[in-house]
Amino acid sequence: MRAGIVAGAGAVAGLWGVQAEPSARLDVLFATGAHLTGLLAGYGVLVMLLLMARVPAVEHGVGADRLARWHALGGRYVLSLCLGHALFALCGHAAHTGADLLAATTDLLGYGAIAAATAGTGLLVAVGATSARAVRRRVPHETWRAVHLLTYLGAALAFAHQLVGPDVAGHAVTAWLWAMMHATVAVLLLWYRGVVPVRQALRHSLRVIEVRAEGPEVVSVLVQGIGLDELRAEPGQFFRWRFLQRRIWHTALPFSLSAPVRDDTLRITVKAAGDHTRRIRRLRPGTRVLATGPFGALTAHRRTRRKVLLLAGGVGITPMRALFETLPGGPGDLTLLYRATHAAHLVLRDELEHIARTRQARLHYLLGPSGAAYDPLAPQALRGLVPDLAAHDVFLCGPPGMVEAATAALTRAGVPAGQIHSECFTF
């Protein structure tokens with residue numbers, strides 16, 4: 001996937017290089033820079049939309065959490081390219097006409113396509129501003145999501161500008177390829193983010209059948225439907241859930257399956273982490289459910305070794321619990337380490353201990369506050385609990401800080417990076 005994205009950027013740069021006309025004139029230099037940044041910005045917007053199109057082959061192969069990180073990182077580059085394109089174009093026009101920057105700006109905005117692109121850039125900047133970490137923490141998820149939808153309008157306005165630009169419109173084949181690339185991504189977005197969820201809802205008729213308390217601010221929700229084997233949901237994967245009940249119907253959030261699919265029943269286990277998740281505790285039996293998925297690459301297909309270590313932190317235990325029950329293995333092949341600040345925060349404890357006894361697997365609770373003198377995730381501590389640690393595949397899921405610290409500790413303990421498979425939970 002990374003190679004394909006980079007190769008595409010190289011092809012776009014090659015398109016610019018073929019059309020570029022070397023010159024030492026200031027206006028031409030600015031125009032050349034505007035053409036390159038504009039093409040790369042247009043391509044970048046297309047890649048950002050593709051990453052979030054929820055194409056199953058991409059989500060399963062790369063992992064939804066990694067795609068989200070690429071999307072966030074790529075968004076910064078795309079915004080920089082958009083702003084760079086605008087600045088180069090403005091300076092180039094000013095240098096060519098001899099006007100000042102204010103007059104050049106007024107003149108450029110008189111062109112409809114440029115005005116549309118400027119509006120689109122403004123929308124993308126607004127999306128980027130609300131996605132900044134400092135702002136995101138203070139903005140409700142529903143507000144952030146609503147603003148993020150402006151990306152589609154911004155991309156459409158920018159596309160209208162690109163089609164009349166000299167780099168694309170100057171050649172019929174180039175214009176056709178550019179339009180087909182955008183049409184393909186648009187179809188994928190409409191299909192996987194629009195048609196598929198509605199089709200699944202109609203086909204499987206999901207409804208809540210039980211909400212069960214599992215611990216302090218933690219509940220399991222059982223959802224039953226029709227023909228759920230058609231979904232081919234695997235332990236370790238997640239769905240994006242939308243519960244059609246007042247005050248929460250408008251938001252879809254990702255929750256992993258906390259048990260294998262049985263008797264056309266799906267189960268998720270949710271910890272209250274905000275207004276939306278707190279309202280899930282008040283779901284009524286019979287509530288209709290829209291579930292899109294399955295997504296995620298933290299499945300048995302990642303396994304490369306006979307022995308497996310499952311390492312979970314907090315509510316990250318949910319996909320680990322499903323894998324703990326279903327991963328093939330004999331006595332001693334499976335080990336689960338569960339990190340929590342206190343024994344009262346352990347979720348699904350009875351089920352985990354039953355699975356450990358039944359499968360003759362090892363189960364250890366790593367208790368204690370973060371930042372304590374003794375770190376149960378330190379390399380020497382992990383090697384003490386799992387002596388042949390480097391011979392294990394490691395499946396890792398938990399809060400971002402815990403995943404980062406555990407990954408570093410596992411690497412220092414001698415586990416090759418290719419044997420560490422992680423998924424990071426954050427909202």
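Two strands pair if DSSP finds at least two bridges between them. Helices (H or I, at least four residues) and strands (E, at least two) are DSSP runs, numbered from the N terminus. The views below come from a predicted model, in which local features need pLDDT of at least 70, side-chain atom pairs count only at pLDDT 80 or more, and totals for chains, interfaces and linings use all residues. Residues are numbered from 1 along each chain as its sequence is written, and side-chain values use heavy atoms, with hydrogens and water left out.

**View 1. Strand β2 pairs with β5 and with β1.** Let us start with β2 and strand β5 (residues 265-271), which pair in the antiparallel sense over seven bridges. Leu 222 has Arg 267 in β5 as its bridge partner. Strand β1 (residues 206-215) also runs antiparallel to β2, joined to it by seven bridges. Here Val 211 is matched with Val 221 in β2. Because six of the seven residues of strand β2 (residues 218-224) are buried (under 20% relative accessible area, with a 1.4 Å probe and protein chains only), β2 is largely enclosed by the rest of the structure.

**View 2. β1 and β2 form a hairpin.** Two residues lie between the strands, and Glu 217 in the turn has a positive phi of about 60°. On the β1 side, look for the salt bridge between the side chains of Arg 212 and Glu 210, at 3.3 Å from N to O. A salt bridge is a side-chain nitrogen of Lys or Arg within 4 Å of a carboxyl oxygen of Asp or Glu. Arg 212 has 30% relative accessibility, so it counts as partly exposed, a class that lies between buried and exposed (over 50%). Glu 210, at 31%, is partly exposed too.

**View 3. Glu 325 and Arg 262 form a salt bridge.** The closest N and O atoms are 2.0 Å apart. This pair links distant parts of the chain, with Glu 325 in helix α13 (residues 317-326) and Arg 262 in the loop between β4 (253-256) and β5, 63 residues apart. Glu 325 is partly exposed at 26% relative accessibility, and Arg 262 is partly exposed at 39%.

**View 4. Arg 306 meets Asp 333 in a salt bridge.** Their side chains come to 2.4 Å, N to O. Arg 306 sits in the loop between β6 (288-295) and β7 (307-313), and Asp 333 in the loop between α13 and β8 (334-340), 27 residues apart. Arg 306 is exposed at 54% relative accessibility, whereas Asp 333 is buried at 8%. Elsewhere, salt bridges that share partners join Arg 262, Arg 267, Arg 321, Glu 325 and Glu 351 into one network. The structure holds 11 salt bridges.

**View 5. The second largest pocket holds about 1,100 Å³ of space**. A pocket is an open set of points on a 1 Å grid over the protein atoms alone, where a 1.4 Å probe fits, with protein on both sides within 12 Å along at least five of seven lines. Its volume is the space filled by probe spheres set on the points. Lining residues have an atom within 4 Å of a point. There are 41 of them here, and Ala 34, His 85, Ala 89, Ile 114 and His 161 lie nearest the centre of the pocket. Among the elements that give two or more residues to the lining are α4 (64-97) and α6 (112-131), while α2 gives the most, with 10 residues. The lining divides into 22 nonpolar, 16 polar and three charged residues. Asp, Glu, Lys and Arg count as charged, Ala, Val, Leu, Ile, Met, Phe, Trp, Tyr, Cys and Pro as nonpolar, and the others, Gly among them, as polar.
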